[in-house]
Amino acid sequence: MPEGFSFVDAPEISPGGAQREGNMEEKQQLSLQRAMREYFDSIYLETRHIDGGKPETAMDLFGNQLSTPVMARVCPGPDGQAAAKGKAAARAGAGAWAPMEEEGEFVKITAAGAKTLALVKPYEDHKLIIAQMERAAECNAFAIGLEIDCVFGREGNPRRIKGHALGPKTLEALGQLAAASPLPFVVKGVLSQKDAYKCLEAGASGIMVSPDPLLGSRGLLPLEALPGILKVADGRIPVFVEGGITSGADVFKCLAMGAAAVCVGQVLEKPFQERGEEGFLEEINRMNAELKGIMARAGCPSLKCISKDSLWKTDSACRP
């Protein structure tokens, strides 16, 4: 082993505070993006040219065939943006993750042919959550994602979405919601082993490891938390990851660490603003093409061949 390397292991806002809150959130976002970029860049790839083969990135997710492990975060917008993004994801053979708050926009995404996971807010009123899960099933979504990490604002007060209060979930409540879901039930926003254990106990079908935007770089990064969460999951349910992923190399690193697939959003927005549906499609295809190129050089003809022992990390930590 080369010297210096090792294998990779396992709101409510007070009066007059809106501008201050916005500035603080922007700074935290920038510091979080910088920290995630540094962590990705501290991981290196090993090449293997013997016994390789032409790479294939097709995968099965909850019984759905996808052409790529790169899934797109589709956020609604004006002038038919949701439908255009949904169509681009469908053309790329990529899964989509989309919020249910704007039901009309969600319908456009699924109607465009995108195989979509419906993101549902953790409302205090469980009847509202169940109603949205049932509606997502009617719209041909393939799974539900409960966003447990968005309940509280910066000052610790529960948020409200369109007049509806959000509320934290107990293990018992999470189990009830998982049992009531008509579709595979994924818990989004997990960043600790303790929450991962509770997700398994509650009967979740999957876990999404996500960064905490309010903590910024003060919080654990997704790739830092991922090995421990994968250890808890132990192959029983798929674990997905999002946060700071901008290239096929980043995707490969996440998959090699054990993630089943990744979700990207921000990296798709600029191409979409510049070239619309085609830009969104081209960016997904670019990332998947780069992933295939790296798989070829790492001796991995399929996603199942990608493993942690093809990654190396510098001993000099990029974070204190």
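1. Let's start with the largest pocket, whose lining breaks down by class into 14 nonpolar, eight polar and 10 charged residues. Bear in mind as you read that this is a predicted model. The space in this pocket comes to about 920 Å³. There are 32 lining residues, and those closest to the pocket's centre are Gln 29, Arg 73, Pro 211, Pro 213 and Glu 242.

2. Which elements build that lining? At least two residues each come from H1, strand E14 (261-264) and helix H9 (266-297). H1 has the largest share of the lining of the largest pocket, at six residues.

3. Next, the second largest pocket, with a volume of about 500 Å³. It has 21 lining residues, and Ile 148, Asp 149, Lys 169, Gly 189 and Asp 195 are the ones closest to its centre. Two or more lining residues come from each of H5, strand E11 (185-190) and helix H6 (193-202). H6 gives the most here, with three residues. Sorted by class, the lining of this second pocket holds 12 nonpolar, four polar and five charged residues.

4. Now for the largest cavity, which holds about 60 Å³ of space. Its lining is made of Met 36, Tyr 39, Phe 40, Leu 221, Pro 222, Leu 223, Val 241, Glu 242, Gly 243 and Cys 254. By class, that is eight nonpolar residues, one polar and one charged.

5. Where does the cavity lining come from? Helix H1 (18-41), helix H7 (222-233) and strand E13 (239-242) put in at least two residues apiece. H1 again deserves a look, as H1 gives the most to the cavity lining, with three residues. Glu 242 is worth clicking on too: Glu 242 lines the largest cavity and is also among the residues closest to the centre of the largest pocket.

6. Last, a helix pair. How do H4 and H5 cross? The axes of helix H4 (residues 126-138) and helix H5 (residues 171-180) come within 10 Å and cross at roughly 30 degrees. Angles under 35 degrees count as roughly parallel, so H4 is roughly parallel to H5. The crossing of the two helices is right-handed.

7. Which residues make that contact? On the H4 side they are His 126, Ile 129, Ile 130 and Met 133, and on the H5 side Ala 173, Leu 177 and Ala 180. The H4 and H5 contact residues split into six nonpolar, one polar and no charged. H5 also turns up in point 3, as one of the elements giving two or more residues to the lining of the second largest pocket.

Terms used:
Residues numbered from 1 in each chain as written. Predicted model: local features only at pLDDT ≥ 70, side-chain atom pairs only at ≥ 80, totals over all residues. Heavy atoms only, no water. 1 Å grid on protein atoms, 1.4 Å probe; cavity = no way out; pocket = protein on both sides within 12 Å on 5 of 7 lines; lining within 4 Å. Points joined across faces, edges and corners; volume = space filled by probe spheres on them. Helix = DSSP H or I, 4+ residues; strand = E, 2+ residues; numbered from the N terminus. Nonpolar A, V, L, I, M, F, W, Y, C, P; charged D, E, K, R; others polar. Axes fitted to C-alpha atoms, helices over the stretch in contact; angles between N-to-C directions. Parallel < 35°, antiparallel > 145°, perpendicular 65-115°, else oblique. Left-handed = near helix turned anticlockwise from the far one by under 90°. Contact = heavy atoms within 4.5 Å.
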